[in-house]
Amino acid sequence: MTSSTCFFCLALPLLISNAALANTPQVSKSETPYQLASSWPDRIIATATEDPATSISITWRTNNIIDSTYGQIVKANSDARFDMRASTVNAITSIVSLKQGKNNQGEFKYPANDKLPDVNYHAITFKNLSPDTLYNYRVSGSKGKWSPWQQIKTSPVTVNKDVEFLYFGDAQNGIYSHWPMVLRRAWKNATNAEFAIYAGDLVNEGANDKQWSNWLNAGRFIHGMLPAVLVAGNHEYDWQVQANENTNNSIKTSTKASTQKNWALSTLWQDQFTLPPAPSLPNALQETVYVSHYPDLDVFVLNSEAQGDVALLQAQAEWLDDQLQHSTTQWRIVTMHHPIFSSCGVPLNTPGQDEPEIRAAFLPILLKHNVDLVLQGHDHTYARGSIGTKEDIAVLASHASPKKVKSVFVTSVAGPKTYPQKPTRWQEYSHYGVTLERIGENTPTYQVIKKTNNNLIYQSFTTDGKLYDGFTLTKALSGQKILQVISDLPEQRTFDNTGDYKSHHDLAE
């Protein structure tokens, strides 16, 4: 994303006229609690692995005194003392300075964390597990200080097994005040979910540990039980203050007075998450581009914020092309932060946002392999559209008009910061054969998606649990897909019928 685009992502008051802004008092952001790391394990999160049928990755935090920790795991059973049969595994510990970080792009200062002490992060990937099996696990802090036992299930391997999962767009704002309610509502609606996709912008400032505290604590037991497929968004990156004079000139820089800043992925991302490697890709993309294999369902994660570097985009496109070429599953899902077809109408009275570099790099690969579903965030609005096959290229999918499709594209937002749709409604993209078929403004949602033998069933819900959108993709043995929108969908929600959006400045981070 260019610096101007990023500015508009951050500047929600652009939705309000200058006159209104002049009469609107500036409200400081609400305070939120923050818990310092201790000798007890906290911020426990399970994350995706390449083979979730036989492995589970867990990451957690302690204070910087605890340099030797462990995890224990055992198959769940009915015994009162199941723990007596648990296996103990050593964790890998990383010493993390919250005040500054170092990665392949340089060394950075994190002013938001200036008063916070160093911490230790610990990680384990439990391997050689049995597929489709419930396990009990716990992790340690200092000697004798264990987390409570938690349960987590490995993925099945049988291709005809149903797989259900959750998908969320940006949380980003209100991650203390609003986001926990959405996450818990979604969990209640999909207790059989195998994993959850978070399509980027989990927080507003990726180098702010207090915001990560809020995001990780919002889920607590959910994050420990439901493996997270994590997507890096532009807000996981930040204008980070350069800590030394050795600047990597290949990345974006901004010089203001004597302070140099670089646009770089916060090092907190790789400190607090354990994600699959992609050995063929550059270091700058590690743990942001990966694949996770579920029964007859492959999930591919891309890093669209690398758009400032054409070489990094091209590397991902080549990686995705190769991965899809070798994928033998019936269903393929790609998730990234920036939409292929943008719906965001900010700034007002302009054409709105667009991501041409992302589209140029990835759309040809998606269409070459007829990727079934593309799940995105960033635009802070809801949009669903599809590209039809040659015979149905101009068909607008509805309940009354099933449509033969190549790919379906969805953008959603989970947090309370929302934007208006582009007035063009994707008309500028018509030459790609795409049609916009459902929108929603001022409407955070969560999505429950289920893979059955021949169907991909998609449902989008508002935060009060009401169905807002839904469709079924049915795939024939030939690979032909039919998109069938469900009947009796509610009226599309827009700013005109839901009231003006005033400000997000009073939302608790």
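Buried means under 20% relative accessible area, exposed means over 50%, and partly exposed is in between (1.4 Å probe, protein chains only). Strands are DSSP E runs of at least two residues and helices are H or I runs of at least four, numbered from the N terminus.

This is a predicted model, where local features need pLDDT of at least 70 and side-chain atom pairs count only at pLDDT 80 or more, while totals for chains, interfaces and linings use all residues. Numbering starts from 1 along each chain as its sequence is written, and side-chain values use heavy atoms, with hydrogens and water left out.

**Exercise 1. Work out how β17 is covered and paired.**

Step 1: Go to residues 290-294, which make up β17; four of its five residues are buried.

Step 2: Look for its partner (strands pair if DSSP finds at least two bridges between them). That's β18, residues 297-301, running antiparallel to β17 with five bridges.

Step 3: Pick one bridge: His293 partners with Asp298 in β18.

Step 4: Check the turn. Two residues sit between the strands of this hairpin, and Asp296 there has a positive phi of about 55°.

**Exercise 2. Find the hubs of the largest nonpolar core.**

Step 1: Set the rule: a core is a set of buried Ala, Val, Leu, Ile, Met, Phe, Trp, Tyr and Cys residues joined through side-chain atoms within 4.5 Å.

Step 2: The largest has 72 residues, and Phe168, Trp179, Tyr198, Trp215 and Leu230 touch the most other members.

Step 3: Don't miss the separate second core of 35 residues, which includes Ala315 and Leu436.

**Exercise 3. Size up the whole chain.**

Step 1: Count nine helices and 27 strands.

Step 2: Of the 509 residues, 57% are buried.
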